Amino acid sequence: MPDTSSPASATVKKTVVRKRTTAKKEAPAQEIPVVQPSATPKKRTTRKAGAASVISPEERHHLVAVAAYFIAERRSSADSSPHDDWLQAEQEIDALIAAGKIAG
């Protein structure tokens, strides 16, 4: 049996203990969560029928002008007025904007 009372063996024990306590502890491994794809397909988000999109006044004016041009082309009668075509185009464009079919 070794002599534990000698100063040399005490030094060895302290050194071993010190090395154990000063050794770097490894951080526990972090688990990475695994995301499973859902069984149900994702729903597409659509705009509500009452929600109006925001477009600039210049964009709206351009859309109304183009629509009025095509309304006048379809009519092609002498009794149509550009003012009536413009008013009809405004109604159609405003309805499309309100329905969310035209986005800014």
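## Exercises on a three-helix chain

The side chains of D94 and R60 meet in a salt bridge, 2.9 Å from N to O. A salt bridge here is a side-chain nitrogen of Lys or Arg within 4 Å of a carboxyl oxygen of Asp or Glu. D94 lies in helix α3 and R60 in helix α2, so the pair ties together parts that are 34 residues apart in sequence.

The model is predicted: local features need pLDDT of at least 70, side-chain atom pairs count only at pLDDT 80 or more, and totals for chains, interfaces and linings use all residues. Residues are numbered from 1 along each chain as its sequence is written, and side-chain values use heavy atoms, with hydrogens and water left out.

### Exercise 1. Lay out the fold

Task: state the helices and strands of the chain, their order, and how much of the chain is buried.

Solution.

- Step 1. Count the elements: the chain has three helices and zero strands. Helices (H or I, at least four residues) and strands (E, at least two) are DSSP runs, numbered from the N terminus.
- Step 2. Read along the sequence: the pattern is α-α-α.
- Step 3. Place two of the helices. Helix α2 covers residues 57-75. Helix α3 covers residues 82-98.
- Step 4. Check burial: 12% of the 104 residues count as buried. Buried means under 20% relative accessible area, exposed over 50%, and partly exposed in between (1.4 Å probe, protein chains only).
- Step 5. Add the surface: it comes to about 9,500 Å², and 59% of that belongs to carbon and sulfur atoms. Accessible areas come from the Shrake-Rupley method with a 1.4 Å probe; for residues, only the protein chains shown count as cover.
- Step 6. Sort the contacts (heavy atoms within 4.5 Å). Among those with a separation of 6 or more, 57% join residues 24 or more positions apart.

### Exercise 2. Trace the salt bridges

Task: find how many salt bridges the structure holds, and which residues form a network.

Solution.

- Step 1. Recall the principle: side chains of opposite charge can pair when their charged atoms come close.
- Step 2. Count: the structure holds three salt bridges.
- Step 3. Take E90 and R60. Their closest N and O atoms are 3.6 Å apart. E90 lies in helix α3 and R60 in helix α2, so this pair ties together parts that are 30 residues apart in sequence.
- Step 4. Join the bridges: R60, E90 and D94 are linked in a network.
- Step 5. Check exposure in the network. R60 is partly exposed at 26% relative accessible area. E90 is partly exposed at 23%. D94 is partly exposed at 33%.
- Step 6. Take R75 and D85. Their closest N and O atoms are 3.1 Å apart. R75 sits in helix α2 and D85 in helix α3, so the bridge ties together parts that are ten residues apart in sequence.

### Exercise 3. Examine D85

Task: is D85 buried or exposed, and which residues does D85 touch?

Solution.

- Step 1. Locate D85: it is in helix α3.
- Step 2. Read its accessibility: D85 has a relative accessible area of 4%, so it counts as buried.
- Step 3. Compare the partner: R75 has 32% and is partly exposed.
- Step 4. List the contacts of D85, not counting residues up to four places away in sequence: A68, I71, A72, R75 and S80.

### Exercise 4. Build the core

Task: which residues make up the largest nonpolar core, and which helix gives the most to it?

Solution.

- Step 1. Apply the rule: a nonpolar core is a set of buried Ala, Val, Leu, Ile, Met, Phe, Trp, Tyr and Cys residues joined through side-chain atoms within 4.5 Å.
- Step 2. List the members: I55, V64, A67, A68, I71, A89, I93, I97 and I102, nine residues in all.
- Step 3. Assign them to helices: α2 and α3 each supply at least two residues. Helix α2 gives the most, with four.
- Step 4. Follow one member: A67 touches A89 and I93, leaving out residues up to four places away in sequence.

### Exercise 5. Map the surface patch

Task: which residues form the nonpolar surface patch, and which two form an aromatic pair?

Solution.

- Step 1. Apply the rule: patch residues have over 30% relative accessible area and no salt bridge; like charges are joined within 9 Å, nonpolar side chains (Val, Leu, Ile, Met, Phe, Trp, Tyr) within 5 Å.
- Step 2. Name the patch: V66, Y69 and F70, with about 300 Å² of accessible area together.
- Step 3. Check each residue. V66, in helix α2, is partly exposed at 34%. Y69 is partly exposed at 48%. F70 is partly exposed at 47%.
- Step 4. Search for aromatic pairs: the whole structure has one. Y69 and F70 form it edge-to-face, 5.3 Å centre to centre with 75 degrees between the planes. Rings of Phe, Tyr and Trp (its six-membered ring) pair if their centres lie within 6.5 Å; planes under 30 degrees apart count as stacked, over 60 as edge-to-face and the rest as tilted.
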